[in-house]
Amino acid sequence: MTRGILLTLAALAMTGPLLAGSEQAPSRPAGQPAAPPAIALELASVTRNTAGGRGMMGMQPDGRFIATNATLRMLIREAYRIQDFQIIGGPAWISSDAFDVVVKARGEKPAPAVGGVSPVQRMLQAFLEDRFKLKARMETREMPTFELALARVDGKPGPGMTPSTVDCAAVARRGGPPPAPPAPGERLTCGMRMGLGRISGGAVPLPQLAVALSQVVGRPVVDRTGLTASFDVDLTWTPDQFRKDRLPAGAPVPPGVDPTGPTVFMAVQNQLGLKLDFGKGSVPALVIESAEPPVPLP
């Protein structure tokens, strides 16, 4: 399994807005330097990963951020809440060299910066500037997009998308213990899961589904369905690299992947009753001016 295939619910929650000029556009003006806000780091450890394995990252209860076998590109995506296609430039090693990272801010959790940048983002941006000497700026660039639209004239959804009967906002307001995790293969009641060739979720708003699909198709996806309800979603497809006509002879196929299954475009239309149309739009992009391999701490 490649690093790019490892998509988690946490990563999806960290995904930032895509199209400039929309309700989801970032508040930072185009062209404003993307230097991280000043923040003191209590711990900033980085070493080269030579063991390999799955690329993983996440926050710990004690406030530490830990990443294992992560490239600088992966760390940038996490720090700036952007997707891979929104990263422009940079040396080749940012996508190939892997590192193990531990980061912790000093003192109490810092307050979010103006513009909605989270404390975790501020910490990671400061870390990348300090240890990787990352210099970057935000720009708005015209990029190809996909528009998520209704596939049928009558607007009827497909069998994999049904209106949700759960008010997840009301569930959150009531508080109490979290619901029991679903059994293997079952969807979440509130929230979304992404796996290899699969998206499933409960009470999913269509803009959130569009963001998830953008990670699959490698370009921004804009919700043009006009649907305001939330849906229970089950979508399965065969990733391109595991399609029968592209697999080298004798190459293994991951469990649960059907090499003869549909493409994501076919699956969206047949299973969800939606379609992905070509489009073009202004997209926030992080332009990397320079970066340096880090010097491990003693």
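Q: How many residues does helix 3 have, and how far does it reach from its first C-alpha to its last?
A: A quick check is to set the reach against the expected rise of 1.5 Å a residue. In this predicted model, helix 3 (residues 119–131) has 13 residues and spans 18 Å, close to the 18 Å expected. Just after helix 3, Lys133 takes a positive phi of about 50°.

Q: Which residues of helix 3 are buried?
A: Here "buried" means under 20% relative accessible area. By that cut-off, the stretch in helix 3 is Gln121, Arg122, Met123, Leu124, Gln125, Ala126, Phe127 and Leu128. For scale, 41% of the 298 residues in the protein chain are buried.

Q: What covers the buried residues of helix 3?
A: Look for elements in contact with them. The cover includes strand 1 (41–48), strand 2 (56–59), strand 3 (65–71), strand 5 (98–105) and helix 2 (72–80). Helix 3 lies across those four strands, 1, 2, 3 and 5, and runs at about 55° to strand 1.

Q: What order do the strands of the four-stranded open sheet have?
A: Read a sheet from one edge to the other. This one goes 1-5-3-2, with antiparallel pairing. Strand 1 and strand 2 are the edges, each pairing on one side only. On average, neighbouring strands are turned by 15° against each other, direction ignored.

Q: How many bridges join strand 2 and strand 3?
A: Count the bridges along the pair: strand 2 and strand 3 have four, in the antiparallel sense. One partner to look up is Phe65 in strand 3, which bridges to Met59. Helix 2 packs on this sheet too, touching strand 2, strand 3 and strand 5, and its direction makes about 140° with that of strand 3.

Methods
Residues numbered from 1 in each chain as written. Predicted model: local features only at pLDDT ≥ 70, side-chain atom pairs only at ≥ 80, totals over all residues. Heavy atoms only, no water. Expected span 1.5 Å × (residues − 1). Buried < 20%, exposed > 50% of the residue type's maximum accessible area, 1.4 Å probe, protein only. Contact = heavy atoms within 4.5 Å. Pairing = 2+ DSSP bridges. Axes fitted to C-alpha atoms, helices over the stretch in contact; angles between N-to-C directions.
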